[in-house]
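Work through the exercises below with the sequence and the structure at hand. Each task is followed by a solution in steps.

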Amino acid sequence: MAGIFKSSTNIINFFPNGGWGAHGGGASNWPFRGSKVSNWEGGTRGASFVAGGVIPKKMRGTICHETVHVTDYYATFAWLAGVNPRDPNTVGVHSDGTKFP
């Protein structure tokens, strides 16, 4: 794993929020209250990690205790890639370069 920080390879892993618990799945989100489709921490909290060569050295090995949503990732990864997330050439464009209708 140590070699990954010498390359431009990145690993991004984010886990889905809580288990189904009381909603028919039998999962336990203990010690948190709630499950999927609830606003309690058991239905909204999940662990994630990001690793790779473009992670700034001062951020490597740190833990973020902030609430992060999947919609935060685009701007973060655009910044890591040196791209302005508000660039008009990327807004409204599919990943293959074609424009949205």
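**Exercise 1. The buried side of a helix**

Which are the buried residues of helix H2 (residues 72–80)? State how they are arranged around the axis and what covers them.

Solution. The model is a predicted one, and the positions below are to be read as such.
- Step 1: go through H2 and keep each residue with under 20% relative accessible area. Tyr73, Ala78 and Leu80 are the buried residues of H2.
- Step 2: these residues lie on the same side of H2, because they cover an arc of only 160° around the axis.
- Step 3: look for the cover. S1 and strand S2 (48–52) are included in what covers the buried residues of H2.
- Step 4: go past the end of the helix. Glycine 82, just after H2, has a positive phi of about 80°.

**Exercise 2. The order of the elements**

Describe the secondary structure of the protein, and say how much of the chain is buried.

Solution.
- Step 1: count the elements. There are two helices and two strands.
- Step 2: read them along the sequence. The pattern is β-α-β-α.
- Step 3: take the buried share. Of the protein's 101 residues, 17% count as buried.
- Step 4: take the surface. About 8,000 Å² is exposed, and 58% of that area comes from carbon and sulfur atoms.
- Step 5: take the contacts between residues at least 6 apart in sequence. Of these, 44% join residues at least 24 apart.

**Exercise 3. A nonpolar patch**

Which residues form a nonpolar patch on the surface? Place one of them in the secondary structure and classify its exposure.

Solution.
- Step 1: the patch consists of Ile12, Phe14, Val50 and Val70, and together they have about 320 Å² of accessible area.
- Step 2: isoleucine 12 belongs to strand S1 (residues 10–14).
- Step 3: isoleucine 12 counts as partly exposed because its relative accessibility is 38%.

**Exercise 4. Two neighbours in a loop**

Classify valine 37 and serine 38 as buried or exposed, and give a distance for each.

Solution.
- Step 1: locate them. Valine 37 lies in the loop between S1 and H1, and serine 38 is found in the loop between S1 and H1 as well.
- Step 2: classify valine 37. With 63% relative accessibility, valine 37 counts as exposed.
- Step 3: classify serine 38. The value is 16%, so serine 38 counts as buried.
- Step 4: give the distances, C-alpha to C-alpha. Valine 37 is 9.0 Å from asparagine 17, with their positions 20 residues apart in sequence. Serine 38 is 9.8 Å from tryptophan 20, at a sequence separation of 18 residues.
- Step 5: list the contacts. Leaving out residues up to four places away in sequence, serine 38 touches Gly43 and Thr44.

**Exercise 5. Cysteine 64 and threonine 9**

Where is the place of cysteine 64, and where does threonine 9 lie? Classify both and give a distance for each.

Solution.
- Step 1: cysteine 64 sits in the loop between S2 and H2. Its relative accessible area is 54%, so cysteine 64 is exposed.
- Step 2: cysteine 64 and serine 48 are 9.8 Å apart, C-alpha to C-alpha, and 16 residues apart in sequence.
- Step 3: threonine 9 is in the segment before S1. Threonine 9 is partly exposed because its relative accessible area is 44%.
- Step 4: the C-alpha atoms of threonine 9 and valine 54 are separated by 7.9 Å, while 45 residues separate them along the chain.

**Exercise 6. Confidence**

How confident is the prediction, and in which elements is confidence lowest and highest?

Solution.
- Step 1: the average pLDDT of the protein is 74, and 78% of the residues score at least 70.
- Step 2: helix H1 (residues 41–44) has the lowest confidence, with a mean of 76, and S2 the highest, at 81.
- Step 3: where pLDDT is low, the predicted coordinates should not be read in detail.

Terms used: Residues are numbered from 1 along each chain as its sequence is written. This is a predicted model: local features need pLDDT of at least 70, side-chain atom pairs count only at pLDDT 80 or more; totals for chains, interfaces and linings use all residues. Side-chain values use heavy atoms; hydrogens and water are left out. Patches are made of residues with over 30% relative accessible area and no salt bridge: like charges are joined within 9 Å, nonpolar side chains (Val, Leu, Ile, Met, Phe, Trp, Tyr) within 5 Å. Accessible areas come from the Shrake-Rupley method with a 1.4 Å probe; for residues, only the protein chains shown count as cover. A salt bridge is a side-chain nitrogen of Lys or Arg within 4 Å of a carboxyl oxygen of Asp or Glu. Helices (H or I, at least four residues) and strands (E, at least two) are DSSP runs, numbered from the N terminus. Buried means under 20% relative accessible area, exposed over 50%, partly exposed in between (1.4 Å probe, protein chains only). The arc is that of the directions from the helix axis to the C-beta atoms. Contact means heavy atoms within 4.5 Å. pLDDT is the predictor's confidence in each residue, from 0 to 100.
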